[in-house]
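Take a look at the model below. Keep the sequence at hand while you read.

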Amino acid sequence: MDYKLIDMTVFGDRRGKLISLEGNKNVPFDIKRVYYIFDTIPDEERGKHAHKDLEQIIVAIDGACEFVLDDGQFRETIWLNRPDVGLYIGKNMWREMRHFSYGCKLMILASDYYKPEEYIRNYDEFLKGVG
Ligand code: T46
């Protein structure tokens with residue numbers, strides 16, 4: 001399973017907390033794109049795809065949601081609920097996101113620009129690709 005949870009260094013003092021993310025340092029790739037997801041709906045699922053050639057780090061900046069990760073052989077579920085933990089997802093990993101808390105906000109760092117052609121949105125096609 002090509003995923004891991006990364007504990008990030010928190011710089012905190014009486015004013016609050018700060019986390020810095022830097023490409024090829026505490027983020028294991030060159031960051032080419034940042035996007036964020038907000039106004040999520042608890043009953044709606046997102047994701048349901050894999051990427052042929054994309055690495056990402058996902059941070060639940062606020063709130064929480066569940067990630068289902070699948071490499072074609074194993075399926076694991078992760079509860080992402082801390083702004084100081086990043087979920088790294090490598091290439092060829094099927095992901096589904098669900099059970100968003102109210103007000104959940106996800107920030108995602110990606111290793112490449114948005115390329116719709118490198119998404120695999122069909123689960124059978126995904127299984128053929130990793131089989
Ligand atoms: C992922 C999970 C965690 C763009 O135009 N540019 C972008 O960079 C992205 C990410 C999306 N879009 C458009 C494409 C769709 O019309 O935004 C719309 C929603 O995207 P999507 O349905 O792919 O969103 P999610 O939440 O299902 O998946 C997203 C990412 O696409 C995906 O890479 O790993 O978040």
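The text goes from the core to the ligand and ends at one loop residue.

This is a predicted model. Start inside. The largest nonpolar core has 17 residues. Six of its members have the most contacts within it: Ile 58, Phe 67, Leu 69, Leu 87, Ile 89 and Leu 106. Five elements each give two or more residues to this core. They are β6 (56–62), β7 (65–70), β8 (75–80), β9 (85–89) and β11 (105–110). Of these, β7 gives the most, with 3 residues.

A second core is separate from this one and has 9 residues. Among them are Ile 6, Met 8, Val 59 and Tyr 88.

Now pick out Leu 106. What is Leu 106 in contact with, leaving aside its neighbours within four places in sequence? The list begins with Tyr 35, Tyr 36 and Ile 37. It continues with Ile 58, Val 59 and Ala 60, then Cys 65 and Phe 67. Met 97 and Phe 100 complete the contacts of Leu 106. Two of these partners, Ile 58 and Phe 67, are also on the list of residues with the most contacts inside the largest core. Val 59, by contrast, is a member of the second core.

Turn to the ligand. It is surrounded by 13 residues, and the closest are Arg 33, Arg 46, His 51, Gln 56 and Tyr 119. By class, this shell holds 5 nonpolar, 4 polar and 4 charged residues. At least two shell residues come from each of β4 (33–37), β5 (46–51) and β10 (94–98). The strand that gives the most is β5, with 4 residues.

Three polar approaches to ligand oxygen are worth finding on screen. At Tyr 119, an N or O atom of the side chain is 2.5 Å from an oxygen atom of the ligand. At Gln 56, a polar side-chain atom lies 2.7 Å from a ligand oxygen. At Gly 47, the backbone supplies the polar atom, and the distance to an oxygen atom of the ligand is 2.8 Å. On its own, the ligand has 650 Å² of accessible area, and the protein covers 68% of that.

Finish at Thr 40, in the loop between β4 and β5. Is Thr 40 buried or exposed? Its relative accessibility is 10%, so Thr 40 counts as buried; the cut-off is under 20%. Leaving aside neighbours within four places in sequence, Thr 40 is in contact with Phe 100, Ser 101 and Cys 104. A polar side-chain atom of Thr 40 lies 3.5 Å from the backbone oxygen of Cys 104.

How values were computed
Residues numbered from 1 in each chain as written. Predicted model: local features only at pLDDT ≥ 70, side-chain atom pairs only at ≥ 80, totals over all residues. Heavy atoms only, no water. Core = buried A, V, L, I, M, F, W, Y, C linked by side-chain atoms within 4.5 Å. Buried < 20%, exposed > 50% of the residue type's maximum accessible area, 1.4 Å probe, protein only. Contact = heavy atoms within 4.5 Å. Near = heavy atom within 4 Å. Polar contact = N/O pair within 3.5 Å; in protein donor to acceptor, adjacent residues only side chain to side chain. Areas by Shrake-Rupley, 256 points an atom, 1.4 Å probe, with all protein chains shown as cover. Nonpolar A, V, L, I, M, F, W, Y, C, P; charged D, E, K, R; others polar.
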